[in-house]
Amino acid sequence: MKNQANQGQAKERKIYLPNTNEWVTVTDEVYLEYYRPIWRIQKAARKNGQCVCPKSKLWRCDGDCAVCGYRATGNTLSLDAPMENANGDEMCLGDTISDPDAAFADIVLDSIFLEQLLDELTERDPDGRHICEFIMSGKTERECAAALNMARNTFTYRRDKLFASLRERHQNPS
């Protein structure tokens, strides 16, 4: 009977506040909300060898490893530390990080190249520019052919001929 009466009530527990060096009585729910993040940090730090706190002192932990006297360096790896890749070549982790500015530069160069290519097409083959614009807009072969007032077979022939000439002209610049 006594157990059934206690099941409806929340357990009272105590948490230690290291800043004030005192124990505070709280409900079971508050206890778990307070300690779960601390336990998560403790577990991760122990797993990585960054916490060497003896189990008898774990109750003092507040999860702030930066100021803890039991902090160890653990498994920290420098981005410049040499290591081997899958091919057996020596590399650094820093080599694998992409430069966000490089992607932007590539996009700018591609857009400049595309504009020059479209300008060249306007001078040499105005229909070729329209073909490229329709393809870039995502239209199907049938829609492109209808917009240019030609048969679909004629459109595919002109498109393939245009791409071949562009490929030849820009792979071997003269």
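## Worked exercises on a predicted chain

Cys 53 has a relative accessibility of 7%, so it counts as buried. Keep in mind that you're working with a predicted model.

**Exercise 1. Work out how many helices and strands the chain has, and in what order the elements run.**

Step 1: Count the elements. You should get six helices and four strands.

Step 2: Walk along from the N terminus. The elements go α-β-β-α-β-β-α-α-α-α.

Step 3: Now look at burial in the whole chain. Of its 174 residues, 17% are buried.

**Exercise 2. Find out how many disulfides the structure has, and explain why Cys 51 and Cys 53 do or don't form one.**

Step 1: Recall what you're hunting for. A disulfide is a covalent bond between the sulfur atoms of two cysteines.

Step 2: Set the cut-off. The two sulfur atoms have to be within 2.5 Å.

Step 3: Check Cys 51. Its closest cysteine sulfur belongs to Cys 53 and sits 5.2 Å away, which is too far for a bond.

Step 4: Check it from the other end. For Cys 53, the closest cysteine sulfur is the one in Cys 51, again at 5.2 Å and too far for a bond.

Step 5: Scan everything else. The search of the whole structure turns up zero disulfides.

Step 6: Add the surroundings. Cys 51 is buried, with a relative accessibility of 15%, and Cys 53 is buried at 7%.

**Exercise 3. Decide which residues of α4 are buried, and where they sit around the helix axis.**

Step 1: Take helix α4, residues 126–136, and pick out the buried ones: Gly 128, Ile 131, Cys 132 and Phe 134.

Step 2: Look at their directions. They span an arc of only 165° around the axis, so they are on the same side of α4.

Step 3: Peek past the end of the helix. Just after α4 comes Gly 138, with a positive phi of about 90°.

**Exercise 4. Do the same for α6, and compare its reach with the expected value.**

Step 1: Get the length. α6 has 20 residues, and from first C-alpha to last it reaches 28 Å, close to the 28 Å expected at 1.5 Å a residue.

Step 2: List the buried residues in α6. They are Phe 155, Thr 156, Arg 159, Leu 162 and Leu 166.

Step 3: Check the arc. These residues cover only 130° around the axis, so they lie on the same side of α6.

Step 4: Turn to the other side of α6. There, Asn 153, Tyr 157, Lys 161, Glu 168 and Gln 171 are exposed.

**Exercise 5. Find where Asn 21 and Asn 149 lie, and say whether each is buried or exposed.**

Step 1: Start with Asn 21. It has a positive phi, near 55°, and isn't a glycine.

Step 2: Place it. Asn 21 is in the loop between β1 (12–17) and β2 (22–27), and at 52% relative accessibility it's exposed.

Step 3: Move to Asn 149. This one isn't a glycine either, yet its phi is positive at about 55°.

Step 4: Place that one too. Asn 149 is in the loop between α5 (141–147) and α6 (152–171), and its 73% relative accessibility makes it exposed.

**Exercise 6. Describe the largest pocket: its space and its lining.**

Step 1: Start with the volume, which is about 330 Å³.

Step 2: Look at the walls. The lining has 18 residues, with Arg 60, Cys 61, Asp 62, Cys 68 and Tyr 70 nearest the centre.

Step 3: Sort the lining by class. You'll find nine nonpolar, four polar and five charged residues.

Conventions:
Residues numbered from 1 in each chain as written. Predicted model: local features only at pLDDT ≥ 70, side-chain atom pairs only at ≥ 80, totals over all residues. Heavy atoms only, no water. 1 Å grid on protein atoms, 1.4 Å probe; cavity = no way out; pocket = protein on both sides within 12 Å on 5 of 7 lines; lining within 4 Å. Points joined across faces, edges and corners; volume = space filled by probe spheres on them. Nonpolar A, V, L, I, M, F, W, Y, C, P; charged D, E, K, R; others polar. Buried < 20%, exposed > 50% of the residue type's maximum accessible area, 1.4 Å probe, protein only. Helix = DSSP H or I, 4+ residues; strand = E, 2+ residues; numbered from the N terminus. Arc of directions from axis to C-beta. Expected span 1.5 Å × (residues − 1).
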